[in-house]
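Trainee: Could you take me through one part of this model closely, and then place that part in the chain around it?

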Amino acid sequence: MAKVTHEMRKTIYEMWRTGASKKDISEHLKLNVNTIRNELCKGYNGQIYPGGRPVYDPELAERCSNSHGRQAHREQMMRIASAPPSICTGDDMGGASARDD
């Protein structure tokens with residue numbers, strides 16, 4: 001399993017936010033496309049970009065990876081699943097405080 005660094009997460013964020021595909025990101029970072037898919041799931045904060053793409057928050061993904069691993073990710077997904085997605089607007093398209101409930 002590949003170790004995704006904080007710098008890689010920032011690159012994933014920038015590329016994903018500007019419309020790059022999972023395949024493009026995986027080729028750029030020399031990671032398996034499944035690693036990118038998993039990383040995007042870890043960093044999903046419950047919001048979507050205009051156009052329907054899920055918002056990726058690199059700080060959230062970092063916390064999820066560093067805390068309790070799969071258990072923390074599972075709990076995060078349960079919280080998100082219980083609330084409807086919101087559209088992310090404005091200049092900050094994925095910071096750690098991007099969720100309004």
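Mentor: Buried here means under 20% relative accessible area, with exposed being over 50% and partly exposed in between, using a 1.4 Å probe and protein chains only. Helices (H or I, at least four residues) and strands (E, at least two) are DSSP runs numbered from the N terminus. The model is predicted, so that local features need pLDDT of at least 70 and side-chain atom pairs count only at pLDDT 80 or more, while totals for chains, interfaces and linings use all residues. Residues are numbered from 1 along each chain as its sequence is written, and side-chain values use heavy atoms, with hydrogens and water left out.

The part to look at is helix H4, which spans residues 58-66 and in which Pro58, Leu60, Ala61, Glu62 and Cys64 are buried. At its N-terminal end H4 is capped by Asp57, a side-chain oxygen of which lies 3.0 Å from the backbone nitrogen of Glu59.

Around this helix, the protein chain has five helices and three strands, in the order α-α-α-β-β-α-α-β from the N terminus on, and 39% of its 101 residues count as buried. The largest nonpolar core (buried Ala, Val, Leu, Ile, Met, Phe, Trp, Tyr and Cys residues joined through side-chain atoms within 4.5 Å) has 16 residues, and Ile12, Ile25, Leu29, Ile36 and Tyr56 have the most contacts inside it. At least two residues of this core come from each of helix H1 (6-17), helix H2 (22-29), helix H3 (33-42) and strand S2 (54-56), with H1 giving the largest share, five residues.

How values were computed: Polar contact = N/O pair within 3.5 Å; in protein donor to acceptor, adjacent residues only side chain to side chain.
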